[in-house]
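Reader: Let's go through this one together, with a few quick questions and answers.

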Amino acid sequence: QVKLVESGGGLVQAGGSLRLSCTASGIIVSSYTMAWYRQGPGEPRELVARITRSGLKNYADSAKSRFTISRDTVNNTVYLQMDSLKPEDTGVYYCQATMYATYWGQGTQVTVSS
């Protein structure tokens with residue numbers, strides 16, 4: 001059974017930082033394309049950052065130069081380091097794993113106050 005568990009969300013002031021974690025069980029994160037999505041209030045879920053099996057990283061334009069996705073094969077965890085946070089970064093952040101099937105975590109709330 002595949003399970004993705006996100007953590008690290010919270011309330012932070014604009015300009016602050018958070019590090020989100022996505023710990024996987026039932027899969028090996030380095031064998032999957034792993035991604036972080038954000039869903040703001042009343043908005044569709046949108047891609048924030050992605051890391052492929054080969055280690056190629058992609059970012060949404062809004063995340064470039066501020067966010068960094070990485071993976072830890074020892075702990076089977078994917079991280080999203082978020083710096084210089086803005087109020088528009090507020091939302092629920094979801095972890096996604098994709099190979100032949102797609103799996104989602106339950107999400108973690110990030111709130112950035114102005």
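Author: For charges, Lys and Arg count as positive and Asp and Glu as negative, leaving out His and the chain ends; each charge sits at NZ of Lys, CZ of Arg, CG of Asp or CD of Glu. Heads-up: this is a predicted model, where local features need pLDDT of at least 70, side-chain atom pairs count only at pLDDT 80 or more, and totals for chains, interfaces and linings use all residues. Residues are numbered from 1 along each chain as its sequence is written, and side-chain values use heavy atoms, without hydrogens and water.

Reader: How far apart are the mean positions of the positive and negative charges?

Author: The protein chain has 11 positive and 8 negative charges. Take the mean position of each set, and the two are apart by 7 Å.

Reader: How many helices and strands are there in the protein chain?

Author: These are DSSP runs, H or I of at least four residues for helices and E of at least two for strands, numbered from the N terminus. The count is zero helices and 11 strands.

Reader: Which element gives the most to the largest nonpolar core?

Author: Such a core joins buried (under 20% relative accessible area, 1.4 Å probe, protein chains only) Ala, Val, Leu, Ile, Met, Phe, Trp, Tyr and Cys residues through side-chain atoms within 4.5 Å. This one has 26 residues. Elements giving two or more include β4 (33–39) and β9 (91–98), but the top giver, with four residues, is β3.

Reader: What percentage of the 114 residues count as buried?

Author: Using that same cut-off of under 20%, the protein chain comes out at 39%.

Definitions and conventions:
Buried means under 20% relative accessible area, exposed over 50%, partly exposed in between (1.4 Å probe, protein chains only).
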